[in-house]
Amino acid sequence: MSALVLALVAGAVIGLALGALGGGGSVLAVPALIYLLGFTAVVATTASLVIVTLTSVTALVAHAGDGHVRWRTGLLFAAAGIGPAMLGGALAGRLPEAVLTVSFAVVAGVAALRMLRSRRVVESAVTVRPGRAAAAGAGLGAVTGVLGVGGGFLAVPALVGVLGLRMRDAVGTSLLVITVNSLAALATRAGTVEELDWAVVGPFVGAAILGAWDGKRLSAKVSGHTLQRIFAVLLLSVAVFMLIDAVL
């Protein structure tokens, strides 16, 4: 199968996940770029940030149109992650390929297990603690910077549990957080963006953007809990494969 076809298929799947779940798609972008398209880990994390940024903006517009983005809350949460995201982006280029791959697989595996074990969220009033919110935002920014993922699979639970947002608002707001963090991480990798194979990355982004719109429509028809569990099984499988590949 040609690189173009693989890029289109992978992009569509990732966009679908971002649009439907408010995150998670980016955590599949890195392994897709490495194992399907032959990118190195460092270049794959940079390409992933480009893909995630553009796709998240598209999905953000769709969710904002329905009034499910808490702009002030999202910007305050994202602000805490800008510094760590930039530091993480600078650090990523200095880490060995194996360390990046194993770290990514561990984070993806933990996220998948959390998704599988989670129950349906019961919305209730939560007292927002600024310290916890800042810590959660900073941690999310660091993960985005180092591993090249938007962090939506971490942002949505944090926005619900720490800031007390309703699930639909958390999904939309997480896209704002992802966009800000990804842009901050990209700012530290500006020189490496020129190394990307745009003949592959371009179609990947295009398919992801179209997939994001379809994912937004899918989220209105299928239970978010069901979508999350399907995605978690796929994510766990990818994480296990990456760990085995790194060890062997």
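**Exercises on two helices and a patch**

Val9 sits in helix 1; helices here are DSSP runs of H or I with at least four residues, numbered from the N terminus. The model is a predicted one, where local features need pLDDT of at least 70, side-chain atom pairs count only at pLDDT 80 or more, and totals for chains, interfaces and linings use all residues. Residues are numbered from 1 along each chain as its sequence is written, and side-chain values use heavy atoms, leaving out hydrogens and water.

**Exercise 1.** Classify Val9 as buried, partly exposed or exposed.

*Solution.* Start with the cut-offs: buried is under 20% relative accessible area, exposed is over 50%, and partly exposed lies in between (1.4 Å probe, protein chains only). Val9 has 47% relative accessibility, so Val9 is partly exposed.

**Exercise 2.** Check whether the span of helix 9 agrees with its number of residues.

*Solution.* First, the rule: the expected span is 1.5 Å times one less than the number of residues. Next, apply the rule: the 22 residues of helix 9 should span 32 Å. Finally, compare: the end C-alpha atoms are 30 Å apart, which agrees.

**Exercise 3.** Locate Arg217 and describe its exposure.

*Solution.* Begin with the place: Arg217 belongs to helix 9 (residues 198-219). Then take the relative accessible area, which is 48%, so Arg217 is partly exposed. Buried residues of helix 9 include Gly215, Lys216 and Ser219. Last, look across the chain: the C-alpha atoms of Arg217 and Leu16 are separated by 9.5 Å, although these residues are 201 residues apart along the chain.

Methods: Helices (H or I, at least four residues) and strands (E, at least two) are DSSP runs, numbered from the N terminus.
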